[in-house]
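Here is a brief report on one protein chain. Keep the sequence and the structure open while reading.

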Amino acid sequence: MGYLSRIKTISVAVFLAVLGVSLFSSCDDNDDDSGGSAAMLDQAILFEGKLTTGGSFSKDFILDIIGDTNIDVQNPLEVTVGNYGMLRSAVGDKAGIVDQLKVAGPVDGTDLAFISECSSYGKLRYVDLSGAQLKGDRLPDRSFASTYEYKDEYGAIELSLFVPLYRVVLPAAVKEIGSEAFSHVLLTEFAMPESLVKLKSGCFSNCMLLGGELSIPEGVSEVPDEAFMRTSSLESIVIAGTVDKIGEQAFFGTSARSLTICEGVREIEEEAFMSSRLEEVSIPSTLQRIEPLAFGNMDRLKTIRTSAVNPPDAANHGEDFDSPSGKCYPDAFGDDKWFDSTPHTVVVYVPDGAADKYASSRGWDWFSDFR
């Protein structure tokens, strides 16, 4: 049994006044005696003094660890800071017990990293930054993301840490959310600021509890690579028409059942929605190109509705992929050699008179039922 299937739970004694200092006090190891490699571990969660590590975390597994995300707030705190980097001193000895925090005043990346510590090493679950002023009106790269250096007999590895921060309210003036800003943060809900114009890669990747409808607001010009990868609690996605391109693996593995892409979007890149649970997809007349496997391995897909009179280019133009059957060249929806391709039985609703064009267009000819 390798590390990808290992689960360890370790009790961690935390000095609450100085967050980030921890000691192993006991270990309950569910592994067998076979070999492994520390480099094969990749994720962990530190919750109420217990570190659980493993190679693969599911939504249900995480909920088994953290329980109800609707907490009964016991120790709320409101603070006003006078300068960047002052939040730690403002919170003081309440860092380990505060469960709801409201902050006003200047806030930078150092302050946001401290908030993440208060969540992982303490009890902080809700954060309101609506009265704060973020430096440059942007959320820095890896703002709330966290890592943990795990060591055992196989060596040391830096793990991505799931952060049990369930709700974060941003200032209304935020224009940019940085790369991996919320990666592995256990948000259950999030409202995109209307002022938002830029998302960076992996900004909400592995937010496994983020639910409801995700709306990319008007003003955002691109959904970048891996932006919402493995968001396994979403119900629906709406992408505004100001978006020009949806990046590689942007929504890989999402749980959303419906997708609406508004008029204006022109390109969907490789594996953008691959392995998702989408059942219904609506695409605009402006869409020009769908890259290989953008809608691959979607075994629940039932309908596609397209407003484009001329079929968007869904063909593979020479890019090869490795599969169990050898090298293959999958189009947007799959390939006969590609394992777990999207079903041929999907019903495609097209504009009047366009059925023959779609049926004879490479990529779209994966399907046969055009209406």
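The report covers confidence, strands, cores and ring contacts.

## Confidence

This is a predicted model. The protein chain has a mean pLDDT of 88. Residues with a value of 70 or more make up 88% of the chain.

Two stretches score under 50. One is residues 1–7, where the model has 28 contacts beyond four places in sequence. The other is residues 11–40, with 65 such contacts.

## A three-strand open sheet

Three strands make an open sheet, ordered 8-12-13, and their pairing is parallel. Strand 8 (138–139) and strand 13 (198–199) are the edges. Each has a single partner strand, so one side of each has no neighbour in the sheet.

Strand 12 covers residues 176–177 and is joined to strand 13 by two bridges. Glu 176 has Lys 198 in strand 13 as its bridge partner.

## Strand 16 and its partners

Strand 16 pairs with strand 14 and with strand 18. Strand 14 (residues 211–216) is joined to strand 16 by six bridges, and the two run parallel. In this pairing, Gly 211 stands opposite Ser 233. Four bridges link strand 16 to strand 18, again in parallel. Here Ile 239 has Ile 261 of strand 18 as its bridge partner.

Is strand 16 mostly covered or mostly open? Mostly covered: five of its seven residues are buried.

## Nonpolar cores

In soluble globular proteins, nonpolar side chains tend to be buried together. The largest nonpolar core in this model has 82 residues. Ile 177, Phe 182, Phe 204, Ile 239, Ile 246 and Phe 273 have the most contacts inside that core. Ile 239 thus appears both in this list and in the bridge to Ile 261.

Which residues does Phe 273 contact, leaving aside neighbours within four places in sequence? They are Ile 239, Ile 246, Phe 251, Leu 259, Ile 268, Leu 278, Ala 294, Phe 295 and Met 298. A second core is separate and has eleven residues. Among them are Ile 45, Phe 57, Ile 62 and Phe 162.

## Aromatic pairs

The structure holds 15 aromatic pairs. One of them joins Phe 57 and Phe 61, edge-to-face, with 5.3 Å centre to centre and 70 degrees between the planes. Phe 57 is buried, at 4% relative accessible area. Phe 61 is partly exposed, because its relative accessibility is 26% and the partly exposed class runs between 20% and 50%.

Phe 228 and Phe 251 also pair. Their ring centres are 5.3 Å apart and their planes are at 10 degrees, so this pair is stacked. Phe 228 lies in the loop between strand 15 (222–223) and strand 16 (233–239). Phe 251 lies in the loop between strand 17 (245–246) and strand 18 (258–261). The pair therefore ties together parts that are 23 residues apart in sequence. Both Phe 228 and Phe 251 are buried. Phe 251 is also one of the contacts of Phe 273.

## Charges over rings

Two tyrosine rings have a charged side chain over them. Lys 135 places its charged end over the ring of Tyr 84, 5.2 Å from the centre. Arg 167 lies over the face of Tyr 126, at 4.3 Å from the ring centre.

Definitions and conventions. Residues numbered from 1 in each chain as written. Predicted model: local features only at pLDDT ≥ 70, side-chain atom pairs only at ≥ 80, totals over all residues. Heavy atoms only, no water. pLDDT = per-residue confidence, 0-100. Contact = heavy atoms within 4.5 Å. Phe/Tyr/Trp six-rings, centres within 6.5 Å; stacked < 30°, edge-to-face > 60°. Buried < 20%, exposed > 50% of the residue type's maximum accessible area, 1.4 Å probe, protein only. Lys NZ or Arg CZ within 6 Å of the ring centre and 35° of its normal. Pairing = 2+ DSSP bridges. Core = buried A, V, L, I, M, F, W, Y, C linked by side-chain atoms within 4.5 Å.
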